[in-house]
Amino acid sequence: MGCCGNKSGGSIVLPTVKQVGKGVVGLSKVIFQPKQLTDAMITERRAICKECSESVKDPLFGITALSQCRLCACVIKLKTMSATEECPMGKWKAVNQGKGVRERT
Ligand code: SF4
């Protein structure tokens with residue numbers, strides 16, 4: 001499942017109505033579906049997001065529970081747990097499209 005959204009230069013990314021709806025669906029998948037990713041895959045995805053210039057980071061703690069991706073406005077901690085999610089820049093892929101983590105570019 002791909003992401004789309006508005007790019008924002010600010011530290012807080014306000015999601016569109018479409019993104020909020022998508023987020024609710026994605027959150028329900030993470031909560032109610034059996035785990036489809038290994039801890040290593042989730043950790044690798046988060047490491048990629050942590051280094052990405054499009055992630056909103058806390059100056060002291062880096063990626064937090066509320067950190068978002070500026071491109072899709074998704075909460076990174078949740079997005080990286082969903083097998084059907086993928087990076088809008090193609091840095092990591094959905095599991096159902098091949099593999100959960102793609103090599104860093
Ligand atoms: S999902 Fe992709 S674009 Fe967004 S913060 Fe993570 S690596 Fe960067």
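Q: Where in the chain is confidence lowest, and where is it highest?
A: This is a predicted model, and confidence varies along it. Helix α1, residues 17-32, has the lowest confidence, with a mean of 75. Helix α2 has the highest, at 95. Across the chain, the mean pLDDT is 79. A pLDDT of 70 or more is reached by 79% of the residues.

Q: What makes residues 1-10 a stretch to read with care?
A: Their pLDDT stays under 50. The scale runs from 0 to 100. Where pLDDT is low, predicted coordinates should not be read in detail. The model still has 21 contacts beyond four places in sequence for residues 1-10.

Q: What is the pattern of the chain, read along the sequence?
A: The pattern is α-α-α. The chain has three helices and zero strands.

Q: How do you know that the span of α2 agrees with its 13 residues?
A: Set the expected span against the model. At 1.5 Å a residue, α2 should span 18 Å. Its end C-alpha atoms lie 19 Å apart, so the two values agree.

Q: Why are the buried residues of α2 said to line one face of the helix?
A: Look down the axis of α2. The buried residues fall within an arc of 155 degrees, so they line one face. Buried in α2 are Arg45, Arg46, Ile48 and Cys49. Part of their cover comes from α3, residues 76-79. The face turned away from the buried side carries Asp39 and Ala40, which are exposed.

Q: Why is Ala47 called partly exposed?
A: Buried needs 20 or more C-beta neighbours within 10 Å, and exposed means 12 or fewer. Ala47 has 15, so Ala47 falls in between. Ala47 sits in helix α2, residues 39-51. Its C-alpha atom is 9.2 Å from that of Ile63, 16 residues apart along the chain.

Q: Why is Thr38 called buried or exposed?
A: The cut-off for exposed is 12 or fewer. Thr38 has 12 other C-beta atoms within 10 Å, so Thr38 counts as exposed. Thr38 belongs to the loop between α1 and α2. The C-alpha atoms of Thr38 and Ala83 are separated by 9.9 Å, although the two residues are 45 apart along the chain.

Q: Why is Ala73 called buried?
A: The cut-off for buried is 20 or more. Ala73 has 25 C-beta neighbours inside 10 Å, so Ala73 counts as buried. Ala73 lies in the loop between α2 and α3.

Q: What makes the phi of Ala73 worth a look?
A: Most residues other than glycine have a negative phi. The phi of Ala73 is near 65 degrees, a positive value in a residue other than glycine.

Q: How many of the residues of the chain count as buried, as a percentage?
A: Of 105 residues, 26% are buried. As for contacts with a separation of 6 or more, 52% join residues 24 or more positions apart.

Q: Which residues are around the ligand?
A: They are Ile48, Cys49, Cys52, Glu54, Ser55, Cys69, Leu71, Cys87, Pro88, Met89 and Lys91. Two of these, Ile48 and Cys49, are also buried residues of α2.

Q: How do you know the make-up of the shell around the ligand by class?
A: Sort its residues by class. Eight are nonpolar, one is polar and two are charged. Cys, Ile, Leu, Met and Pro all count as nonpolar, while Glu and Lys count as charged.

Methods
Residues numbered from 1 in each chain as written. Predicted model: local features only at pLDDT ≥ 70, side-chain atom pairs only at ≥ 80, totals over all residues. Near = placed C-beta within 6 Å. Helix = DSSP H or I, 4+ residues; strand = E, 2+ residues; numbered from the N terminus. Expected span 1.5 Å × (residues − 1). Arc of directions from axis to C-beta. Contact = placed C-beta atoms within 7 Å.
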